[in-house]
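Please examine the sequence and the structure shown below. The questions that follow proceed from a term to the parts of the chain.

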Amino acid sequence: MKNKRNVFQAFTMVIQFGLNMLVPILMCTLLGVWIGEKYNIKIITIPLFLMGALAGFRNIFIMAKKIYQDDNKK
């Protein structure tokens, strides 16, 4: 039973990493497309995509740092 719990926790962590990376990228990209269509500035999508990628990497870094610190305390 303990092994199944560890597998479930690992699977949950992988899903969290994926969501923490994808959500900011998708939101910033969609915002860039919307702004580009509305104001006829198509190039704005690229900087907003990069900003979303940086935000995703930041989220993952903070999450990994927290997990690493929790493991060291145990």
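A salt bridge is a side-chain nitrogen of Lys or Arg within 4 Å of a carboxyl oxygen of Asp or Glu. The model discussed here is predicted.

Q: Which side chains meet in a salt bridge?
A: The structure holds one salt bridge. A salt bridge requires a nitrogen of Lys or Arg within 4 Å of a carboxyl oxygen of Asp or Glu. The N to O distance here is 2.8 Å, and the side chains that meet are those of Glu-37 and Lys-42.

Q: Is Glu-37 buried or exposed?
A: A residue counts as exposed when its relative accessible area is over 50%. The value for Glu-37 is 54%, so Glu-37 counts as exposed.

Q: What is the relative accessible area of Lys-42?
A: The range between buried, under 20%, and exposed, over 50%, is called partly exposed. Lys-42 belongs to this class, because its relative accessible area is 48%.

Q: How many helices does the secondary structure of the protein chain contain?
A: Helix H1 covers residues 2-39, and helix H2 covers residues 45-73. The chain has zero strands, and its count of helices is two.

Q: Why is the protein chain described as more spread out than a compact globule?
A: For 74 residues, the globule rule gives a radius of gyration of 11 Å. The C-alpha atoms fill a box of roughly 55 × 25 × 10 Å along the principal axes. The chain is more spread out than a compact globule because its radius of gyration is well over the value of the rule, at 17 Å.

Q: What percentage of the residues in the protein chain is buried?
A: Buried means a relative accessible area under 20%. Of the 74 residues in the protein chain, the buried share is 18%.

Q: What share of the exposed area of the protein chain do carbon and sulfur atoms supply?
A: The protein chain exposes about 6300 Å². The share of this area supplied by carbon and sulfur atoms is 71%.

Q: Which residues make the nonpolar surface patch?
A: The patch has an area of about 620 Å². Helix H2 gives the largest share of the patch, three residues. One member, Ile-43, is found in the loop between H1 and H2, and Ile-43 is exposed because its relative accessible area is 59%. The full set is Tyr-39, Ile-41, Ile-43, Ile-46, Phe-49 and Leu-50.

Q: Is Thr-45 buried or exposed?
A: Thr-45 lies in helix H2. The limit for a buried residue is a relative accessible area under 20%. Thr-45 has a value of 19%, so Thr-45 counts as buried.

Q: Which residues is Thr-45 in contact with, leaving aside its neighbours within four places in sequence?
A: A polar atom of the Thr-45 side chain lies 3.4 Å from the backbone oxygen of Lys-42. Lys-42 is one of the neighbours left aside in this question. The residues in contact with Thr-45 beyond those neighbours are Thr-29, Gly-32 and Val-33.

Q: What distance separates the C-alpha atoms of Ile-35 and Thr-45?
A: Ile-35 lies in helix H1, whereas Thr-45 lies in helix H2. The two residues are ten residues apart along the chain. Their C-alpha atoms are separated by 8.0 Å.

Q: Which residues is Ile-35 in contact with, leaving aside its neighbours within four places in sequence?
A: Ile-35 counts as partly exposed because its relative accessibility is 21%. Contact means heavy atoms within 4.5 Å. Leaving aside those neighbours, the contacts of Ile-35 are Asn-40, Ile-44 and Leu-48.

Q: How many Å apart in space are Arg-58 and Met-21, C-alpha to C-alpha?
A: Arg-58 lies in helix H2 and is exposed, because its relative accessible area is 52%. Arg-58 and Met-21 are 37 residues apart in sequence. In space, their C-alpha atoms are apart by 8.8 Å.

Q: Which residue has a positive phi although it is not a glycine?
A: Most residues other than glycine have a negative phi. The residue in question is found in the loop between H1 and H2, and its phi is about 60 degrees. It is exposed, because its relative accessible area is 62%. The residue is Asn-40.

Notes:
Residues are numbered from 1 along each chain as its sequence is written. This is a predicted model: local features need pLDDT of at least 70, side-chain atom pairs count only at pLDDT 80 or more; totals for chains, interfaces and linings use all residues. Side-chain values use heavy atoms; hydrogens and water are left out. Patches are made of residues with over 30% relative accessible area and no salt bridge: like charges are joined within 9 Å, nonpolar side chains (Val, Leu, Ile, Met, Phe, Trp, Tyr) within 5 Å. Accessible areas come from the Shrake-Rupley method with a 1.4 Å probe; for residues, only the protein chains shown count as cover. Helices (H or I, at least four residues) and strands (E, at least two) are DSSP runs, numbered from the N terminus. Buried means under 20% relative accessible area, exposed over 50%, partly exposed in between (1.4 Å probe, protein chains only). The radius of gyration is taken over C-alpha atoms; the globule rule is 2.2 Å times the number of residues to the power 0.38. A polar contact is a pair of N or O atoms within 3.5 Å; within protein, one must be able to donate a hydrogen and the other to accept it, and residues adjacent in sequence count only if both atoms are side-chain atoms.
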